[in-house]
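Hello,

Here is the structure I promised to pass on to you. Have a look at it first, and then read my notes below.

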Amino acid sequence: MVKMFKNPFKLRGKKDSSKHKIDESGQADMDVEMEDPGASMHNRDIEEKVTQHARAKRAQNVFAPPVDITEDFVIPVYPKSEASIQFIDNSLADNFIFASLSDSERRNLIDAMVMEKVSASTIIIQQGEVGDYFYVVEGGDVSFYVDNRHVGTCSRGGSFGELALLYNCPRAATCKATTTCTLWKVDQKTFRYMLANNSANQQKDIYTVLRKVPFLSELEDPIISKIADVLTLVTFPKGERIINKGDVGEVFYILRDGIVKVHDIGFGASQYVDQFLKPGDWFGERALLTGEPRIANCSAESACSTLCLSRETFEKTLGPLQDLIDHAMKKRVLMGVPIFANSHFQPYEMTRLTDYVSEVHLPKGTVLAEEGQPAKKNLYILRSGKVVISFDNGMINELGPGDYFGETSIQEEENTISHQTITVKEDTVCGILTQASIESVIG
């Protein structure tokens, strides 16, 4: 008598109706999307922004004196033309000090900058003095001197004095107006109060998002605070590519709001169901943990904002959580296999199934199935190595990391005869989920 368990996927949900299919050669019917060079360049710009933000955060945290945001302080606003606003914004674009600012913070900073006109030969900054202003040059030329030796100049669009916004220290150079100059300037107190005030307003929201991430949810507040301090907020409009499949991974993302679609998953013959991520979900961790290229495309299904960590800060901050991250990553892979994606398993059931996935090292030459013999009731997910599947009709498939097989056998009755011979071609590591484990979870 066949037990009810035999095909839980039929009982708990519909069959796989995915558009993915296998062609007559036995290979996956893959609609390969060519990499968009422009998108890759855009992604590298994002990664650079995240890295710059980490540098700016470290500088602020190490050197800046604390800011009392309870102080009765009003951020000044100085009227400007749209042309001046755009000019200042462009001038700040490549300065790492401002890489951590959101669009609203950046606009508040520009609003707080006041114009100053100085005549030729005016000493704007004196070497050795402690100053607290940052300057952007709108017109004229400024020369820089160290110990009375000329070391450089800047003109329209240039800026100087930014380190004064982060900490109090003697000026490293004298800055002298070579010609009559028009400058925009902002002081340290305004900059740091504005940044601290906005950061405090955002902190509660970020904490709420981080608490939705499973491997962070049980951490103590000081650790969550440490993680929040090194995050960079990056926004994406609807339809924009966030991650390009095949790229080198340098950034880890936590979705703050919006929806992200993970698609075209994997490089091998196996096909995974597209996944849709919601606030509190994360992506991009696999490439940082393994050093391998991105295995999927990730696109903004709606306008969304993400909290990002660079590779360096990911390893330093989340390194101790690698076991938890690995478990969460394995659960996501399992959820992408069509028989699970199209069935109505509860989240706690998927967690238990992930617990039952055992990682096994298989030496070269291991035979996992033999044509004409009873089929093993296991699902295999390759972590590394290669496996060859020889079908009884003469077709041969070679599977590699990220591929899976055995999804049919775990849905079949007892004593089903295998129509394949499956052999390990090189030393392989794979996750194995048995039919018995599935039965223990769903009953």
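**What I found**

The protein has 12 helices and 22 strands. Please keep in mind that this is a predicted model. Its mean pLDDT is 80, and 82% of the residues reach 70 or more. Over residues 1-37, however, pLDDT stays under 50, and the model has 67 contacts beyond four places in sequence for that stretch. Residues 58-64 also have a pLDDT below 50, with 12 contacts in the model beyond near neighbours in sequence.

Two overall numbers may help you get your bearings. Of the 443 residues in the protein, 48% are buried. If you take the contacts between residues at least 6 apart in sequence, 78% of them join residues at least 24 apart.

**One residue on the inside**

A good place to start is Leu 183, in strand E8 (residues 181-187). Is Leu 183 buried or exposed? Its relative accessibility is 0%, so Leu 183 counts as buried. Leaving aside residues up to four places away in sequence, Leu 183 touches Val 114, Met 115, Glu 116, Val 118, Ile 124, Tyr 135, Val 136 and Val 137. You can also look for Gly 139: it sits 44 residues from Leu 183 along the chain, yet the two C-alpha atoms are separated by 7.0 Å.

**Two helices that meet**

Next, turn to helices H3 and H4. Two packed helices are described by the distance between their axes and the angle between them. For H3 (residues 82-92) and H4, the axes come within 10 Å and cross at roughly 120°. The crossing of H3 and H4 is right-handed. On the H3 side, the residues that meet H4 are Glu 82, Ile 85, Ile 88, Asp 89 and Leu 92. Their partners in H4 are Arg 106, Arg 107, Leu 109 and Ile 110. Sorted by class, this contact has five nonpolar, no polar and four charged residues.

**Salt bridges**

How many salt bridges are there? The count comes to 12, and I picked out three pairs for you, followed by a network.

- Asp 111 and Arg 107 form a salt bridge through their side chains, at 3.0 Å from N to O. Both lie in helix H4 (residues 103-112), four residues apart, about one turn of the helix. Asp 111 counts as buried, at 16% relative accessibility, while Arg 107 is partly exposed, with a relative accessible area of 37%.
- Asp 274 and Lys 261 also meet in a salt bridge, at 3.9 Å from N to O. This pair links distant parts of the chain, 13 residues apart: Lys 261 is in strand E12, and Asp 274 is in the loop between strand E12 (260-263) and strand E13 (275-277). Both residues are partly exposed, with relative accessible areas of 22% for Asp 274 and 24% for Lys 261.
- Glu 285 forms a salt bridge with Arg 332, and their closest N and O atoms are 3.8 Å apart. Glu 285 lies in helix H7 (residues 285-290) and Arg 332 in helix H9 (residues 322-336), so this salt bridge ties together parts that are 47 residues apart in sequence. Glu 285 counts as buried, at 4% relative accessibility, and Arg 332 counts as buried too, at 18%.

Finally, Lys 330, Glu 359 and Arg 383 are joined into one network by salt bridges that share partners.

**Two backbone angles to look at**

Most residues other than glycine have a negative phi. Against that background, here are two residues to find in the model. Asn 148 has a phi near 65°, a positive value in a residue other than glycine. Asn 148 is in the loop between strand E4 (142-146) and strand E5 (149-154). Is this residue buried or exposed? Asn 148 is exposed, because its relative accessible area is 77%, over the 50% cut-off.

Asp 264 is not a glycine either, and its phi is positive, at about 55°. You will find Asp 264 in the loop between E12 and E13, where Asp 274 of the second salt bridge also lies. With 30% relative accessibility, Asp 264 counts as partly exposed.

Enjoy exploring, and write back with any questions.

Best wishes

Methods. Residues are numbered from 1 along each chain as its sequence is written. Side-chain values use heavy atoms; hydrogens and water are left out. pLDDT is the predictor's confidence in each residue, from 0 to 100. Contact means heavy atoms within 4.5 Å. A salt bridge is a side-chain nitrogen of Lys or Arg within 4 Å of a carboxyl oxygen of Asp or Glu. Helices (H or I, at least four residues) and strands (E, at least two) are DSSP runs, numbered from the N terminus. Buried means under 20% relative accessible area, exposed over 50%, partly exposed in between (1.4 Å probe, protein chains only). Axes are lines fitted to C-alpha atoms, for helices over the stretch in contact, and angles run from 0 to 180 degrees between N-to-C directions. A crossing is left-handed if the near helix is turned anticlockwise from the far one by less than a right angle, and right-handed if clockwise. Ala, Val, Leu, Ile, Met, Phe, Trp, Tyr, Cys and Pro count as nonpolar, Asp, Glu, Lys and Arg as charged, and the others, Gly among them, as polar.
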